[in-house]
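Let's take a friendly walk through a protein chain, one region at a time. Please keep the viewer open as you read.

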Amino acid sequence: MTHRPPEEPVRPHPRPRPARLHPREFAEGGPGVWSGTLPRPGRADPAVLGALLGRHGWRRRGGAAGRYARWTPPEPGGAGTSLLVPENRAFPDSEDLLEEALTALARCAAPSAREILIALAVPSDEVRWWREVREGPSGAASWAAQERLRSAARAMLLAGALAAVETAGYFGARHRRTAETALEEALVGSARGGRALTAFLPVAGGRRVVSRLHHALHATREAIDYQRATGGMEAFDAAVRAGVCHELTEAVVALVRGTEGARVALEWAPAAAAPEDCPAGPEPVEFSPGDLPALRAAGARYVKGEPAVPVRLTGAVVRLRRSAPGGSGTVRLRVLEGADVTHVRAVLDEEGYRTAGQAHLAGLPVLVSGRLESRGGFRRLTGAREVVALRVDGAERDRLMKSFQERADSSEET
């Protein structure tokens, strides 16, 4: 046991960070999943509820024609559950029937019941993943297989969010914070047996992400088929315009690896029309282990082919290092403006290194020009020049420090 010397001051406890909902938290029942609050019957659309029940495999068992329909769940866990769902609000008892149906859904043990309530509470597009994996002794997939499914799904959503920002063959650290922000409102359902997982992206903020992911997945499938048929990689180069990138190929590899096959399906929210450039009922996209060599080759091709990006950025010096008292040295900057990455490293000449050191001691940011290299994920600034310490007034300092803190928070969470 170690003791603090009596003369050493007591360190204050760090202020607790507020919890944030994020799709990274893919655990069943964790933050970002259905909270248990039922949608209000007065706001629930009977037509949307009926469409969701049909989408999730519930069986229609008749009912009074033109007034209501009776639905039963497909899963064994929903045995004994029966819903009376009105066709519309034209009858006085429609709201009472909706309230009873929503209450029965909340009490139903079938996994699809929870997903229907999620989609009904927040109009959302759905992304579904299936993996064909070997069953364990209890009929469920292994813990490692479940974690691989969650990780691959998370990576695929992030790739779609990156493609919604811009098209590029390789993003590295670029736009990562913007993409994660676009996914903050996503909800994730339970992983059924470790083989299937569903993500719900609200139409208000996630429609572009799902739309880009739809185009990118189909372009990836077409490029793989072309490569396997001809041996050429040209289709992958053209697929970048559709949103295909290194990050997406890596996500598909992670989804397929260790399985007999995988499938991804997208469904648009029934309460909103399909995007203009997408079909109303998108076909699922399937991948197999035989696709892995083409995907790995494409991912490497994207990294190699992505050019450096010229930037002029403002950053705070957080680390300096050089091997001798004089000459050039390496600095690490926390980026405040000018590039959508959190940190960069740069080699500066003697004069630039001295300027950076003085700015660090004075608590001033620096302005520097150079090129962000794709090697290392766009975290390296080469050809650094024109290093200038910025003298800023109080308002500008507050603005930069606010940006500094936001990037620091994002970096710590990542």
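How many of the eight residues of β4 are buried? Seven of them are, and the strand is mostly covered. Please bear in mind throughout that this is a predicted model.

## The chain as a whole

The chain contains 11 helices and 13 strands. It has 414 residues, and 47% of them count as buried. Among contacts with a separation of 6 or more, 67% come from residues 24 or more positions apart.

## A five-stranded sheet

Strand β4 belongs to an open sheet of five strands, ordered β5-β6-β4-β7-β8, and the pairing is antiparallel. The edges are taken by β5 (187–188) and β8 (285–287); each has a single partner strand, so one side of each has no neighbour in the sheet. As background, strands of a sheet pair through backbone hydrogen bonds, in a parallel or an antiparallel way.

What lies on either side of β4 can be followed bridge by bridge. Seven bridges pair β4 with β6 in the antiparallel sense, and here W130 stands opposite A196 of β6. With β7, β4 shares six bridges, again running antiparallel; in this pairing W129 has V264 of β7 as its bridge partner. Further out, β5 is joined to β6 (residues 196–202) by two bridges, with the strands antiparallel. In that pair L187 stands opposite F200 of β6. Helix α4 (residues 143–165) packs on the sheet, where it touches β4 (124–131), β6 and β7 (262–267). The direction of α4 makes about 140° with that of β4.

## Two helices that cross

Which helix does α1 pass in a right-handed crossing? Its partner is α3. The axes of α1 (residues 46–55) and α3 (residues 111–121) come within 10 Å, crossing at roughly 145°. On the α1 side, V48, L49, L52 and L53 make the contact, while α3 contributes I116, A119 and L120. Sorted by character, the contact residues of this helix pair are seven nonpolar, no polar and no charged.

## An aromatic pair across the chain

How many aromatic pairs are counted here? The count comes to one. The pair is made by Y170 and F378; their ring centres are 5.8 Å apart, with 40° between the planes, and the arrangement is tilted. Why is it called tilted rather than stacked or edge-to-face? Because planes under 30 degrees apart count as stacked and those over 60 as edge-to-face, with the rest called tilted.

This pair links distant parts of the chain, with the two residues 208 residues apart. Y170 sits in the loop between α4 and α5 (176–182), and F378 in the loop between β12 (366–373) and β13 (380–389). Are these two rings' residues buried or exposed? Y170 has a relative accessibility of 11% and counts as buried, and F378, with a relative accessible area of 0%, is buried as well.

## An enclosed helix

Helix α8 (residues 246–256) has 10 of its 11 residues buried, so the rest of the structure largely encloses it. The buried residues are H246, E247, L248, T249, A251, V252, V253, A254, L255 and V256. Just after α8 comes G258, which takes a positive phi of about 80°.

## Two buried residues and their contacts

R207 lies in helix α6 (residues 203–230). Despite being an arginine, R207 counts as buried, at 15% relative accessibility. Leaving aside residues up to four places away in sequence, R207 touches D125, P202, W268, A269, A272, A273, A274 and P275. One of these, W268, is 61 residues from R207 along the chain, and the C-alpha atoms of the two are separated by 8.7 Å.

S94 is found in helix α2 (residues 94–107). At 5% relative accessibility, S94 also counts as buried. With residues up to four places away in sequence again left out, S94 touches P86, N88 and R89.

Note on methods: Residues are numbered from 1 along each chain as its sequence is written. This is a predicted model: local features need pLDDT of at least 70, side-chain atom pairs count only at pLDDT 80 or more; totals for chains, interfaces and linings use all residues. Side-chain values use heavy atoms; hydrogens and water are left out. Two strands pair if DSSP finds at least two bridges between them. Helices (H or I, at least four residues) and strands (E, at least two) are DSSP runs, numbered from the N terminus. Contact means heavy atoms within 4.5 Å. Axes are lines fitted to C-alpha atoms, for helices over the stretch in contact, and angles run from 0 to 180 degrees between N-to-C directions. A crossing is left-handed if the near helix is turned anticlockwise from the far one by less than a right angle, and right-handed if clockwise. Ala, Val, Leu, Ile, Met, Phe, Trp, Tyr, Cys and Pro count as nonpolar, Asp, Glu, Lys and Arg as charged, and the others, Gly among them, as polar. Rings of Phe, Tyr and Trp (its six-membered ring) pair if their centres lie within 6.5 Å; planes under 30 degrees apart count as stacked, over 60 as edge-to-face and the rest as tilted. Buried means under 20% relative accessible area, exposed over 50%, partly exposed in between (1.4 Å probe, protein chains only).
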